[in-house]
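Colleague: Got a minute to go through this model with me? I'd like to start with the strands.

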Amino acid sequence: MADRSLRGMRLGSQSLQSEEGVELSDRKRAVYQTDSGETFDVVFSAEAEVPQVWADPRSRREGRLLGDDGVPVEVAAEDVKAPRTHWDMLLERRSREELEELLQERLQFLRARRGA
């Protein structure tokens, strides 16, 4: 048995799947330009919404989307949303009066626990 070698496929080096019957989805290419003038391409699905800003995979710099004419696309003011803070989300759930009342209850509990 030691003098015979095992014959067959090399494990993990080749796939047994074929590309027969596989249809690739439609794609579109978006071109981005960094502040330093470098351009790079990103391929998206045809149905995907192309973002205005994308990070260059090589330099990690932020690039802006270029239009078909090669000019950077302007970001509309209504497209930019201000980030919501934890305080904003808290105020959506409770009023300031409720928060003041909860604060006083918690302070009383902590003071009683400390013995002050």
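Modeller: Sure: two strands count as paired if DSSP finds at least two bridges between them, and strands (E, at least two residues) and helices (H or I, at least four) are DSSP runs numbered from the N terminus. It's a predicted model, where local features need pLDDT of at least 70 and side-chain atom pairs 80 or more, while totals for chains, interfaces and linings use all residues. Residues are numbered from 1 along each chain as its sequence is written, and side-chain values use heavy atoms, without hydrogens and water.

Colleague: OK, which residue in β4 is the bridge partner of T34?

Modeller: That's G63. Strand β1 (residues 27-34) runs antiparallel to β4 (residues 62-65), with 3 bridges between them.

Colleague: And what is W54's bridge partner in β4?

Modeller: G63 again. Strand β3 (residues 53-55) is antiparallel to β4, also through 3 bridges. The β3 and β4 hairpin has 6 residues in between, and R60 in that turn shows a positive phi of about 65 degrees.

Colleague: Switching to charges, how many salt bridges are there?

Modeller: The structure has 5, counting a Lys or Arg side-chain nitrogen within 4 Å of an Asp or Glu carboxyl oxygen. One of them joins R64 and E74 at 3.8 Å, N to O.

Colleague: What does that pair tie together?

Modeller: R64 sits in β4 and E74 in the loop between β4 and α1 (86-93), so parts 10 residues apart in sequence are linked.

Colleague: Is E74 buried or exposed?

Modeller: Exposed, at 64% relative accessibility, whereas R64 is partly exposed at 31%. Buried is under 20%, exposed over 50%, partly exposed in between (1.4 Å probe, protein chains only).

Colleague: Any other pair?

Modeller: D41 and R29 also form a salt bridge, 3.6 Å from N to O. D41 is in strand β2 (residues 39-45) and R29 in β1, 12 residues apart.
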